[in-house]
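This report is meant for a reader who has not met this structure before. Please look through the sequence and the model, and then read on.

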Amino acid sequence: MSSVAPPVKKKYTVLFVDDEPNILRAIKRALFKMDINMVFAESGIQALEALGSQTIHVVISDMKMPHMSGAELLEQVAQHYADTFRVVLTGFADIDSTIKAVNQGKIHRYLQKPWDNQELINTIEEGLERVKLKDENARLQLLTRAQNKKLKDINLLQEQTIQKRTRQIKAVLSKIEKNHHALEQVLFNVISINPAINGKFAIEVSELAALLATEFDCDKDTVKTTKYAGLICELGCLGLDPEEFKPAFASLNYQQQKAYLSQTRQAALILAPAHHLQPVSDIIEMQFEHFNGSGLNKKVAKEIPVGARILAIARDYWRLVSGRVTGSDIAPREAKLEMKKHLNTRYDGEILTLLLESEQIGKPKYIENSYEARQLKEGMVLGANLYNDSHLLILPEGHVFTSSTIEKLVRFEEERGSAFAILIKPEPLPEQPEEAETSL
């Protein structure tokens, strides 16, 4: 709360100075309706005494008075009570005396005798309005100083607590982030543990989607979201009969294909309670849209989230390579040629071109070169960091497997209830002997 009081109605005081009592009585009669305090003085000395004993807001003085003229009185008022509004009454036709009074007394207004009552009232009201403005300005300045002090105190208090609050917020966000990661890992584990769903396929889709998103200059959040959407892109299959999604898509009848595509709605329902995963849910739900608008929901081009356009390409590429579309595995080059037929119809041409033109994008990592613990052999080299379900590092990239580490991983998988996808570096090709130079 501010210590400065709000503006209140104030009764202002006007001092009238004239050596003729009948003039003062005439002024009193003329102004009896005005809501002001009227003070009267018959000389300059009395007027100065009145000014010294109370706050006077307007002084109206006759020009010609014995001992001290109106000009001399108002000159002193200007020196010692500068905020007081000063008016002189003059009955002289002598313009020189009036000019002297205005200059010496710094007069705001002058009125000629006999005065017009309404003009006198208007002059007083003008003077009081100036005084009121000065009072309000002073009040506002005082209020501003008080508020500035209060603001300074608040800022100081905020400055003292901001680091503590920041630490608290960071701790909460870190906890939320850990919980989010845990939930994301749980979702992937639920998918991977289902024998009808291939976790290695999901990892390949996820890696390719992230790579395409990066090459397409997506921001970091979009890359992260698209990568995770690829990892759980088959989440909706948990609500389907395996016979509706496990066989090759080309072998499914119309109803089964329709059921297969309904996995997007199933995924959206599963993810609905996890509000922080809404962007992921949107990507998965829109993954079967076609770039030209002929997909499930008839979304066209950029109406489809960029993550969904990327996921569609990464998903179908690996579906083709792994035989999920036709029932037979095909080479990556053939998969790319097949997808090229749908450039800018089923797929976003800009994104698909990134896949088509790169020899490095789309090489299998997990599908062909990943193993379960029981498949490992001594001497194999780990191709990527291996983490547990809590994202803790189990083995670093480059680790050379021994019988001991293989045995530990086998036990770990048994306790975990599911197998790891352990990426193994391919063995280097044997060096070819150099051909002897042929002599001429």
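The text below goes through confidence, a strand, the salt bridges and one loop residue.

## Confidence

The structure is a predicted model. The mean pLDDT of the chain is 81, and 81% of its residues score at least 70. Strand E1 (residues 13-17) has the highest confidence in the chain, at 95, while helix H14 (residues 366-369) has the lowest, at a mean of 54. For residues 432-440 the pLDDT is below 50, and this stretch has 0 contacts in the model beyond near neighbours in sequence. Where pLDDT is low, predicted coordinates should not be read in detail.

## Strand E3

Strand E3 spans residues 58-62 and includes Ser61. Asp62 is found in strand E3 as well. Ser61 has a relative accessibility of 0% and counts as buried. Asp62 is at 5% relative accessibility, so Asp62 also counts as buried, the limit being under 20%.

Leaving aside neighbours within four places in sequence, Ser61 is in contact with Val17, Gly70, Leu73, Leu74, Val87, Val88 and Leu89. With the same neighbours left aside, the contacts of Asp62 are Val17, Asp18, Asp19, Gly70, Val88, Leu89 and Lys113. Val17, Gly70, Val88 and Leu89 are therefore contacts of both Ser61 and Asp62.

An unreviewed UniProt entry annotates Asp62 as "modified residue: 4-aspartylphosphate". In the model, Asp62 is linked with Asp18 and Lys113 in a network of salt bridges.

## Salt bridges

Side chains of opposite charge can pair when their charged atoms come close. The whole structure holds 15 salt bridges. The table gives some of them.

| Acidic residue | Basic residue | Closest N and O atoms |
|---|---|---|
| Glu126 | Arg130 | 3.8 Å |
| Glu234 | Arg324 | 2.5 Å |
| Glu407 | Arg411 | 3.3 Å |

Which parts of the chain does the salt bridge between Glu234 and Arg324 tie together? Glu234 lies in the loop between helix H7 (220-231) and helix H8 (254-261), and Arg324 lies in the loop between helix H11 (306-321) and H12. The pair therefore ties together parts that are 90 residues apart in sequence. Glu234 is buried, at a relative accessible area of 7%, whereas Arg324 is partly exposed, at 23%.

Glu126 and Arg130 are 4 residues apart in helix H5 (residues 117-192), so about one helical turn separates them. Glu126 is partly exposed at 28% relative accessibility, and Arg130 is partly exposed at 40%.

Glu407 and Arg411 are both in helix H15 (residues 403-416). They too are 4 residues apart, about one turn of the helix. Arg411 is partly exposed, with a relative accessibility of 40%.

## Asp348

Is Asp348 buried or exposed? Its relative accessible area is 5%, so Asp348 is buried. Asp348 is part of the loop between helix H12 (332-340) and helix H13 (349-357). The side chain of Asp348 reaches the backbone nitrogen of Glu350 at 3.0 Å. Not counting residues up to four places away in sequence, Asp348 touches Phe291, Arg309 and Ile313.

Note on methods:
Residues are numbered from 1 along each chain as its sequence is written. This is a predicted model: local features need pLDDT of at least 70, side-chain atom pairs count only at pLDDT 80 or more; totals for chains, interfaces and linings use all residues. Side-chain values use heavy atoms; hydrogens and water are left out. Helices (H or I, at least four residues) and strands (E, at least two) are DSSP runs, numbered from the N terminus. Buried means under 20% relative accessible area, exposed over 50%, partly exposed in between (1.4 Å probe, protein chains only). A polar contact is a pair of N or O atoms within 3.5 Å; within protein, one must be able to donate a hydrogen and the other to accept it, and residues adjacent in sequence count only if both atoms are side-chain atoms. Contact means heavy atoms within 4.5 Å. UniProt positions are given in the numbering used here, feature names are shortened, and annotations may be inferred rather than shown by experiment. pLDDT is the predictor's confidence in each residue, from 0 to 100. A salt bridge is a side-chain nitrogen of Lys or Arg within 4 Å of a carboxyl oxygen of Asp or Glu.
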